[in-house]
Amino acid sequence: MYVTGEISKDTSYSGIVNTNGFALGKFLNSKVLGNIAFDGAIKGTGFETNGAIQLDGKVMSIEFNDYLYRNVTLNGKLQQKQFTGEAI
C-alpha cells in the first residue's frame, strides 16, 4: 500500500489489500462485524469515519450480525459508515 505525506486525518492512500481472517470488528470497535477475508484494491483519504474509501475486490468471507457471508464482489465507495455501489 502507498501512503502520501504524514499520517493525519487527510492522509491519502492506495494499494492492493489481501487479508485472511482480519479482525475487522475489533479494528473498527464494532460488535456486529467479525473477521474478514478480502482481496482487492483500495484508494482512500482519511482514517476517521469522515474519510472515504473506494473498494474494488472480492470478499471471500465476512462475519456480520452472527452470519457468515461468502464470495461477495465489491465495487463502490465507503464513506461516513455508508456503502454506495455494488455488492454482488
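N65 sits in the loop that joins strand 5 (52-64) to strand 6 (67-79). In this predicted model, N65 has a phi near 55°, which is a positive value in a residue other than glycine. A second asparagine, N71, also has a positive phi, about 55°, without being a glycine. For background, most residues other than glycine have a negative phi.

**The two asparagines**
- N65 belongs to a loop, the one between strands 5 and 6, whereas N71 lies within strand 6 itself.
- Is N71 buried, partly exposed or exposed? With a relative accessible area of 49%, N71 counts as partly exposed, because exposed requires a value over 50%.
- If you are looking at the backbone here, the phi values to find are near 55° for N65 and about 55° for N71.

**A threonine in a loop**
- T19 is found between strand 2 (12-18) and strand 3 (22-23), in the loop that links them.
- T19 has a relative accessibility of 16%, so it counts as buried, the cut-off being under 20%.
- Which residues does T19 touch, leaving aside those up to four places away in sequence? They are I36, A37, F38 and M60.
- With I36 there is also a link from side chain to backbone: the T19 side chain reaches the backbone oxygen of I36 at 3.3 Å.

**The fold as a whole**
- One helix and seven strands make up the secondary structure of the protein.
- Read from the N terminus, the order of these elements is β-β-β-α-β-β-β-β.
- The protein is as compact as a globular protein of its length, because its radius of gyration of 13 Å is close to the 12 Å that the globule rule gives for 88 residues.
- Measured out along its principal axes, the C-alpha trace spans about 40 × 25 × 25 Å.
- Of the contacts with a separation of 6 or more, 35% are between residues 24 or more positions apart.

**Surface and charge**
- Buried residues account for 27% of the 88 residues, and T19 is one of the residues that count as buried.
- The accessible surface of the protein is about 6,500 Å², and carbon and sulfur atoms contribute 51% of that area.
- How far apart are the mean positions of the positive and negative charges? The protein has 8 positive and 8 negative charges, and their mean positions lie 4 Å apart.

Notes. Residues numbered from 1 in each chain as written. Predicted model: local features only at pLDDT ≥ 70, side-chain atom pairs only at ≥ 80, totals over all residues. Heavy atoms only, no water. Helix = DSSP H or I, 4+ residues; strand = E, 2+ residues; numbered from the N terminus. Buried < 20%, exposed > 50% of the residue type's maximum accessible area, 1.4 Å probe, protein only. Polar contact = N/O pair within 3.5 Å; in protein donor to acceptor, adjacent residues only side chain to side chain. Contact = heavy atoms within 4.5 Å. Rg over C-alpha atoms; globule rule 2.2 N^0.38 Å. Areas by Shrake-Rupley, 256 points an atom, 1.4 Å probe, with all protein chains shown as cover. Lys, Arg positive; Asp, Glu negative; His and termini not counted. Charge placed at Lys NZ, Arg CZ, Asp CG, Glu CD.
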